[in-house]
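The following exercises are to be worked with the sequence and the coordinates at hand. Each task is followed by a solution in steps.

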Amino acid sequence: MVVNNRYNRHILLRTIGKQGQERLTKSRVVIIGCGALGTTIANNLVRSGVGFVRIVDRDIVELSNLQRQMLFDEDDIGIPKPIAAARKLEKINSDIIIEPIVDDVNYRNIENIIKTMDVVIDGTDNMLIRFLINDACMKHAIPWVYGGAIETYGMTMNIIPPKTPCFRCLIPDIPGIGELPTCDTVGVLTTIPNIIGSLQSTEVLKILLRKKEVNKNLITYDVWNHSFESIEIKKNPYCECCGKHHYEFLKGKLKEDVVSLCEKGAIQISPVKKTVVSFDELEKKLRNVGEVENRKIILRCKIQNYELNIFQNGRAIIMGTNDKKIAKSLYAKYIGF
Ligand SMILES: [Zn+2]
């Protein structure tokens, strides 16, 4: 055995060995979302020697990302996340292929993004994208690994079509606007995305190696209270996705509407699900991030150079940008998902 092989410690492992390592080298994965989870996962899988790693994200690196997004440093601020991540990862492992894609993931492009992959990994903090990943992966019978982290807790689950329940068996419908907290409004501890991302990475390796130890349950972990749970999720025979194969998100039947309003820089976003937004709740959350004005029929929030005007049915007009990707990102961060 060659002691100086890059993957020597994997080859020594009973659970991987030389054959397993060779299999990893021939594997292809895509990480959707390159934030705290995504950078942890990319770092782990690139070091592990997964042969092809595609990384997709629409955002650029900001100073507030450095607290937890482990591949970035101060020189990366202002650079698209997949590009900054790829630059770092290429220095870590030049024997594999890393493909950065700077794009918004939507129902039009997701099939091309995932089609030739062995595993798809969720590194987003966006519910709509998770439902899209679920539809696309069920349709193309590709395993995907769900993960989420916020405050001091997180969760992960493997979705392996057609064996396991799917994401819509766990969460049947997209939550209403403002129903879920976001890391940008309630915060996230440095360590929890690292832990959840590492759990996800381990499951990806097991799936690629076709191991029987692949986890079947939903795992939740709160690192602050040290509570770990493994919950069995049942397949729903009436599930819109894995039961009825309706793929509503992939077909674009359930999607956000994003429209440029004028040349001056305003984008209107209408959410997937019409809801009554609780302005009091949203106002409380947004006070942590910007200057808020609650006018009862409209909630206005100024964050950096942008102005978010939110209506009670979840529609928002975002001023200060002509870029739909930036507007969608601001909406996801501060209003919903
Ligand atoms: Zn299902």
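**Exercise 1. Locate T40 and describe its surroundings.**

Solution. Step 1: T40 belongs to helix α3. The model under study is a predicted one.
Step 2: The relative accessible area of T40 is 1%. Burial requires a value under 20%, so T40 is classed as buried.
Step 3: With residues up to four places away in sequence set aside, T40 touches M70, P193, N194, G197, S198 and S201.
Step 4: Helix α9 is formed by residues 191-208. The task now passes to this helix.

**Exercise 2. Characterise helix α9 by its length, its burial and the residue that follows.**

Solution. Step 1: Helix α9 comprises 18 residues, and 26 Å separates its first C-alpha from its last.
Step 2: At 1.5 Å a residue, the expected span of α9 is 26 Å, and the helix comes close to that value.
Step 3: Of the 18 residues of α9, 13 are buried, which leaves the helix mostly covered.
Step 4: R210 follows α9 and has a positive phi, near 55 degrees.

**Exercise 3. Determine which residues of helix α2 are buried and how they are arranged about its axis.**

Solution. Step 1: Helix α2 spans residues 17-25, and its buried residues are G17, G20, Q21 and L24.
Step 2: Viewed down the axis of α2, these buried residues lie within an arc of 100 degrees and therefore line one face of the helix.
Step 3: The general rule behind this step is that an α-helix has 3.6 residues a turn, so residues three or four places apart point the same way.
Step 4: K18 and Q19 are exposed on the other side of α2.
Step 5: The cover over the buried residues of α2 includes α1 (8-12), α3 (36-48) and α9.

**Exercise 4. Describe the environment of N309 in terms of strand, burial and contacts.**

Solution. Step 1: N309 is part of strand β13, which runs over residues 306-311.
Step 2: The relative accessibility of N309 is 4%, and N309 therefore counts as buried.
Step 3: The side chains of N309 and R300 are joined by a polar contact of 2.6 Å.
Step 4: Apart from neighbours within four places in sequence, N309 is in contact with I298, L299, R300, R315, A316, I317 and M319.
Step 5: One of these contacts, R315, also lies over the face of F311, at 4.0 Å from the ring centre.

**Exercise 5. Survey the aromatic rings: how many aromatic pairs are found, and which residues form a cluster?**

Solution. Step 1: The search of the whole structure yields six aromatic pairs.
Step 2: F131, W144, Y146, F167 and F249 are linked into a cluster by ring pairs.
Step 3: A charged residue over a ring is a separate case; R28 lies over the face of F52, at 4.2 Å from the ring centre.

**Exercise 6. Compare the backbone and accessibility of H226 and K296.**

Solution. Step 1: H226 is placed in the loop between β7 (218-222) and β8 (227-231), while K296 lies in the loop between β11 (291-294) and β12 (298-303).
Step 2: Phi is positive for H226, near 55 degrees, and positive for K296, near 70 degrees; neither H226 nor K296 is a glycine.
Step 3: The cut-off for an exposed residue is over 50%. H226 is exposed at a relative accessible area of 62%, and K296 counts as exposed at 56%.

**Exercise 7. Identify the cis peptide bond and its place.**

Solution. Step 1: The cis peptide bond joins P161 and P162, with omega about 0 degrees.
Step 2: P162 is found in the loop between β6 (153-159) and α7 (167-170).

**Exercise 8. Is D118 buried, partly exposed or exposed, and which residues is it in contact with?**

Solution. Step 1: D118 is located in the loop between α5 (110-114) and β4 (119-122).
Step 2: Its relative accessible area is 37%, and D118 is thus partly exposed.
Step 3: Beyond its neighbours within four places in sequence, D118 is in contact with K26, S27, R28, I142, P143 and L208.
Step 4: D118 and I174 are 56 residues apart along the chain, and their C-alpha atoms are separated by 26 Å.

Definitions and conventions:
Residues are numbered from 1 along each chain as its sequence is written. This is a predicted model: local features need pLDDT of at least 70, side-chain atom pairs count only at pLDDT 80 or more; totals for chains, interfaces and linings use all residues. Side-chain values use heavy atoms; hydrogens and water are left out. Helices (H or I, at least four residues) and strands (E, at least two) are DSSP runs, numbered from the N terminus. Buried means under 20% relative accessible area, exposed over 50%, partly exposed in between (1.4 Å probe, protein chains only). A polar contact is a pair of N or O atoms within 3.5 Å; within protein, one must be able to donate a hydrogen and the other to accept it, and residues adjacent in sequence count only if both atoms are side-chain atoms. Contact means heavy atoms within 4.5 Å. The expected span of a helix is 1.5 Å times one less than its number of residues. Rings of Phe, Tyr and Trp (its six-membered ring) pair if their centres lie within 6.5 Å; planes under 30 degrees apart count as stacked, over 60 as edge-to-face and the rest as tilted. A charge sits over a ring if NZ of Lys or CZ of Arg is within 6 Å of the ring centre and within 35 degrees of the ring normal. The arc is that of the directions from the helix axis to the C-beta atoms.
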